[in-house]
Amino acid sequence: MATPTESRMTAVELAQAYYVAQARQQRRTADRVQALWRELDRRDLTGSWESMVGSEIVRAVALGQAAAASGSDEYVAGVAAADGDRVDPAGRVLLSGFSGRAADGRALESLLYLPVITTKEAIGAGLEETEAMLRGLTQLLKMAASEVADAGRQATGVSIAASRTINGYIRVVNPPACGRCLILAGKEFGWNAGFQRHPRCDCVHMPARLIKRGRHHPGAFDVKAYFQGLSAAEQNRIFTIAGAQAIRDGASISSVVNARRGMYTTTAYGQRVSVTREGTTRRGSFYRSERAQAIARGRVPASGRGFRLRTPRLLPEEIYRLSAGDRDVTIRMLRRFGYIG
């Protein structure tokens, strides 16, 4: 797949153009897969899959993977050139290493047959035939797009690793995006760090020569400005109603998104509440904050020895419910539970 390497483009512009090229390849693959799915015989799904359709769908996805991986070396070299550097790769990316298998290592044939199973199970459960076929197609399209995107990302990661002058990469997010991706937007990772992604994730690498791992690269993406540019309805959709309100009240976006990752319910304050495990380990920010307060109040020695975290960390929605509309109380609780710095 051709990739833009015009010297006039900045590294960020190249990354954005590379994303567009990858997205187009995913769309082309999905269109081909959708057309092939229509050729399945609803009276004999397995038979028609095994006779022709299945092999053609696998071939379409494999070709999409190869196309997505094909421009990785040129892309990495182009970004380096835009930054005034040059790469000296130990070798070129081999397309065969990224085509014909799923990202989790299994054969594509095994993965891509799952939508047929889903369809047959749905029909067996009494779902109308057309609806069942649509359910299987939806699953198949998600798989196809994800596998093509993963092949492109894996190839780019390999190209970065093979170029000793490249020390890492910056995660480039292309809105609209989910909250999990937005909090990683612009963040710097080492050359050997795996790329965190979810199904249908379309974020890409931007190779970088000099990085400080874990920091957010200035200018790559301003998630706060992006949030403020969204309508209230979109803020609520991406971050949940309570989460978006917490951010509008001053909570950090990353703390709100991460909190939902470890969500569970427990009994506290005499009632069932929604809390999170995020930030409650010994190295977690909430744990350390509570320990510092215990030290300041003389409950444990200055070393913190003997401290045990007994207070569950409330989620933003529980804070709003418990504060009963009192803005001052809400802000104090958002600060206490680590959503406002």
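This report walks through a buried arginine, a helix beside it in the story, and a set of salt bridges, all in a predicted model.

## R313, a buried arginine

Let's start with R313, which sits in strand 6, a run covering residues 313–314. R313 is buried, yet no salt bridge goes with it. The nearest side chain of opposite charge belongs to E278, and that one is 6.1 Å away. A salt bridge here needs a side-chain nitrogen of Lys or Arg within 4 Å of a carboxyl oxygen of Asp or Glu, so at 6.1 Å the E278 side chain doesn't make the cut for R313.

What does the R313 side chain reach instead? Backbone oxygens, for a start: the one of F337 lies 2.8 Å from a polar atom of the R313 side chain, and the one of G338 is reached at 3.3 Å. Setting aside neighbours within four places in sequence, R313 is also in contact with S255, V275, T276, E278, G279, T280, F286 and Y339, as well as with F337 and G338 themselves.

## Helix 14 and its two sides

Next up is helix 14, which runs over residues 327–336. Which of its residues are buried? T330, M333 and L334 are. Looking down the axis of helix 14, you'd find its buried residues within an arc of 100°, so they line one face of the helix. Over on the other side, D328 and R332 are exposed.

As for what covers the buried residues of helix 14, the list includes helix 10 (241–248), helix 13 (316–323) and strand 6. Strand 6 is also where R313 lies.

The ends of helix 14 have their own details. At the N-terminal end, D326 acts as a cap, with a side-chain oxygen 3.1 Å from the backbone nitrogen of D328. Just after the helix comes G338, which takes a positive phi of about 80°. G338 has turned up already: its backbone oxygen is the one that the R313 side chain reaches at 3.3 Å.

## Salt bridges around R92

Now for charged pairs that do meet. Side chains of opposite charge can pair when their charged atoms come close. The count for this model comes to eleven salt bridges.

One of them joins D73 and R92, with the closest N and O atoms 3.7 Å apart. This pair links distant parts of the chain: D73 is in helix 3 (residues 72–82), while R92 is in the loop between helix 3 and helix 4 (108–112), 19 residues apart. Are the two partners buried or exposed? D73 is buried, at a relative accessible area of 12%, whereas R92 is exposed, at 57%.

R92 also forms a salt bridge with E74, at 2.8 Å from N to O. Because R92 lies in the loop between helix 3 and helix 4 and E74 in helix 3, this pair ties together parts that are 18 residues apart in sequence. E74 counts as partly exposed, at 32% relative accessibility. Put together, D73, E74 and R92 are linked in a network of salt bridges.

## A longer reach: R209 and D85

The side chains of R209 and D85 meet in a salt bridge too, at 2.8 Å from N to O. R209 lies in the loop between strand 3 (204–208) and helix 8 (223–229), and D85 in the loop between helix 3 and helix 4, so the pair ties together parts that are 124 residues apart in sequence. Both partners are partly exposed: R209 has a relative accessible area of 36%, and D85 comes in at 23%.

Methods. Residues numbered from 1 in each chain as written. Predicted model: local features only at pLDDT ≥ 70, side-chain atom pairs only at ≥ 80, totals over all residues. Heavy atoms only, no water. Helix = DSSP H or I, 4+ residues; strand = E, 2+ residues; numbered from the N terminus. Buried < 20%, exposed > 50% of the residue type's maximum accessible area, 1.4 Å probe, protein only. Lys, Arg positive; Asp, Glu negative; His and termini not counted. Polar contact = N/O pair within 3.5 Å; in protein donor to acceptor, adjacent residues only side chain to side chain. Contact = heavy atoms within 4.5 Å. Arc of directions from axis to C-beta.
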